[in-house]
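Trainee: I am new to this structure and would like a close look at one part of it. Could you walk me through the disulfides, one after another?

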Amino acid sequence: MSTTDLNVHLGVWTNWAKGSSEGRTLTLTTQNGTILIAALALFVSVAASQSWGMLSFFVHQLRATRKPQYGMHFQQQATLRNHGSPLVTVWQLSKISWAWRSQSVGSFKNSIGLVILGTVYLMMFGAASVFSSRVATTSDEILVRSPNCGIWILSADMSSDFNQMTDFNVHQRVNADLSKSYVRDCLSGYQSSPECNIFKKREIPYLSRNNATCPFSAEMCLGAPNTSLRLDSTLLDSNHDLGINSEKKDRVQYRKVTTCSPVTTSGYTKNGSSVLNGRGYNYTAAYYGTNNMMNSTREQYGGLPNATYVHNDYKDLELYYDIQSGAPLYSVFVASGIPTSPSMGFTPIPEMNAPNSTVELVFVSFNGYNIAPSDDLWLSAHEERSISVFDPGYAPRNVTVYGMDNSVNVLGCTEQHQFCNPNRPMDSDSKCTPLLDWGTLGLDFDAYTSAILDTPHQVEAITIIMYAALAAEMRNTIPYFHAPLLASDYTSGFMSSPLPSNQWELEATNWFSTGMNIIQRYVAETATGAPGKYAQYTTNAAANDTELQWFCANYIMRDSAYQSFSILALSLIAGFGGLAILASLWLETIIGWIQTKLNRGSFHKMCWKLDSALQLQRMAYEEAGMGNWVRCADDIPLTEKGDEISLPAEWDEWHPTVAGRPVPHSPMFDNGQIMMIQKQGTVVTTSSETTLAPTPVVTRHPTLATLTSNVEISREGEDADVISPVSPPMSPTIPAASPLSKEVVVVTVQENREGSS
């Protein structure tokens with residue numbers, strides 16, 4: 001089964017298993033889904049980067065201080081201000097710490113907190129960008145749509161359409177083997193087949209216990225008392241387990257219970273011989289109730305009145321060519337006791353009667369030998385024999401083998417079904433039907449459904465599950481398997497490897513598990529329609545059935561060719577991510593407005609502004625006399641219209657700097673004296689004829705003067721400088737700070753102005 005040829009609903013739909021809000025789902029093809037995932041990861045990365053900008057802003061503001069700090073502090077502030085990526089910021093902070101390691105400023109101690117903060121943030125949002133797509137991607141669940149959606153039902157009299165009956169039986173055999181393979185490949189640890197990922201739920205859960213009471217009269221069950229096997233699916237939800245996508249009020253629950261035990265043959269079998277078509281044969285007849293479907297009084301059925309099953313050796317006359325070709329060694333026959341339809345099976349004897357249950361008797365015979373004794377209660381083999389083995393190139397030899405203890409062995413099972421309305425109170429008498437055989441439920445379907453169900457959608461769901469449960473009964477599955485027994489996997493030629501002592505439990509469990517998958521497969525196939533040429537039997541079946549149309553539009557399967565995304569998760573990611581991006585763009589403006597409104601934090605505000613790359617560039621160029629700058633209080637300072645700046649053609653590679661036209665500033669003059677700041681550990685002296693270059697006076701804002709004189713600078717020590725920030729003036733710049741433990745040197749200079757000396 002594949003959804004390749006189906007109409008898959010692409011777009012938005014509601015997965016009611018998750019509710020009306022959380023269940024809103026967007027289904028896309030894998031190609032478009034990959035594009036969405038990539039866009040989602042990119043968006044989260046952008047949001048993370050912008051969020052880091054906000055975090056950097058707050059850290060920068062918290063670290064801004066009027067106290068004297070080493071130069072490393074201001075480099076860290078500038079890094080926080082100008083690096084939008086947490087990775088680049090962490091790397092730059094690490095390099096700053098390493099560069100200052102020999103300056104006795106505690107570079108590691110003063111950097112480790114910032115580095116850890118950036119690293120943790122980087123890891124968190126790195127993981128967020130990777131897993132955001134997984135959060136948004138719900139699964140590969142899809143809504144299937146098919147024009148062939150419908151229930152394939154055979155009419156009571158198929159004599160007029162023998163072809164359809166044949167197609168139905170062939171298709172049922174194919175589905176039985178598909179489900180048997182599904183259980184083997186998908187539920188036994190291999191999970192290698194693409195079929196493993198088509199149903200909403202890979203495996204239908206069930207409970208298994210091997211201490212159940214005998215489902216028949218106690219003397220009929222082999223083994224110790226209370227050693228029967230009970231398999232209980234528990235209540236399966238039509239949405240979560242079977243894929244019928246419905247609101248809570250339209251859901252139903254289904255339960256199947258099977259109880260099995262090996263049945264005694266002592267006193268219930270008879271051996272004899274007879275003749276068919278002129279050839280004699282030996283037989284073993286089992287008597288557990290008259291077989292009404294196969295008239296045992298007829299010659300081709302053995303001519304034995306009241307027999308349930310007759311095994312014979314008529315076919316045992318085989319040449320070794322046929323035996324060694326892999327012909328099945330196990331013969332399996334299923335007789336069903338259906339309370340409401342005795343003519344469709346056998347009428348159990350009182351000892352085998354099980355009220356409210358379908359009785360299934362599985363007869364098995366083995367036309368081979370075991371290489372070791374078998375203690376399994378159903379497939380017991382202890383009859384020791386010696387046979388001759390002929391291998392080409394070797395002398396004949398005798399080997400000891402073991403035959404079955406009985407010509408025919410019987411495994412008895414009962415099957416029951418139950419439906420519930422999950423919306424009824426737990427203590428309500430009308431919440432569930434009793435555990436009943438399928439025939440009784442089907443015969444009184446209207447009465448039972450009207451008693452427990454509330455909506456037409458529930459009735460439709462139960463109808464479909466009922467037909468699926470019928471297809472999964474042992475009488476409709478075991479006879480259709482090409483190899484009904486797991487024990488066949490132990491055979492080769494006419495020999496069998498040793499069997500586990502609980503082989504009958506493994507067989508019953510496998511049948512039950514396969515039956516549960518047949519229920520899944522049948523419900524799914526009702527939605528998709530039978531494949532290939534069989535689609536003709538359900539085409540347009542829902543054309544005039546509104547309830548079936550509802551089901552056909554609301555069945556969930558899985559297909560790796562599609563991806564489904566949670567609308568809620570996408571909305572949350574887009575909402576919070578977009579909010580983070582917008583907040584980062586307006587954060588400085590909002591905080592600045594609050595600071596202005598409250599008349600607090602102007603110092604921190606100006607520090608943030610001055611640490612921006614453009615402001616640092618403006619101040620560096622301005623102090624070097626490069627350009628006439630305006631709008632210095634804005635985020636982006638400008639030069640005067642038409643002003644051009646020439647960068648130096650040469651520079652000192654050991655102390656690179658920029659130099660341009662000197663720009664003296666009038667606030668720095670006081671009666672022909674220029675104030676110069678002496679840095680800690682540095683002595684600055686000037687010659688007596690230090691003069692300023694002839695230039696007009698610029699009075700925009702305070703800054704450092706550029707001298708055109710021979711200046712002698714000598715370094716007195718190598719300790720790191722300590723810079724003392726001052727309150728910023730109205731026009732943003734960084735004026736020279738007051739010296740720490742040093743004096744301001746006042747130098748008298750001769751001012752050269754045009755027209756004066």
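Mentor: Happy to: what follows is a tour of the disulfides, with their partners, their handedness and their surroundings.

Please keep in mind from the start that this is a predicted model. As a reminder of the chemistry, a disulfide is a covalent bond between the sulfur atoms of two cysteines. In this model the count comes to 5 disulfides.

Let us begin with the link between Cys 149 and Cys 552, where the distance from S to S is 1.9 Å. Find Cys 149 in the loop between β6 (141-145) and α5 (162-186), then look for Cys 552 in helix α11, which covers residues 546-552. These two cysteines are 403 residues apart, and their bond ties together distant parts of the chain. The torsion about the S-S bond is -85°, and the link of Cys 149 and Cys 552 is left-handed. Both ends are hidden away, as Cys 149 is buried and Cys 552 is buried too.

Now turn to helix α5, where you will find Cys 186. Its partner is Cys 196, and the two sulfur atoms lie 2.0 Å apart. Cys 196 sits in the loop between α5 and β7 (207-212), with 10 residues separating the pair. Here too the link is left-handed, with -85° about the S-S bond of Cys 186 and Cys 196. How much of each end can be reached from outside? Cys 186 has a relative accessible area of 2%, so this residue is buried. Cys 196 is also buried, because its relative accessibility is 1%.

The next stop is the disulfide that joins Cys 214 to Cys 221, with 1.8 Å from S to S. Left-handed or right-handed, which is this one? The torsion about the S-S bond of Cys 214 and Cys 221 is about 70°, so this disulfide is right-handed. Are its ends buried or exposed? The cut-off helps here: a residue is called buried when its relative accessible area is under 20%. Cys 214 has 18% relative accessibility and therefore counts as buried. Cys 221, with a relative accessible area of 13%, is buried as well.

To see how everything fits together, number the bonded cysteines of the protein chain in sequence order: the pairing then reads 1-10, 2-3, 4-5, 6-7, 8-9. One more cysteine to look up is Cys 632, which counts as buried because its relative accessibility is 6%.

Terms used
Residues numbered from 1 in each chain as written. Predicted model: local features only at pLDDT ≥ 70, side-chain atom pairs only at ≥ 80, totals over all residues. Heavy atoms only, no water. Disulfide = S-S within 2.5 Å. Helix = DSSP H or I, 4+ residues; strand = E, 2+ residues; numbered from the N terminus. Buried < 20%, exposed > 50% of the residue type's maximum accessible area, 1.4 Å probe, protein only.
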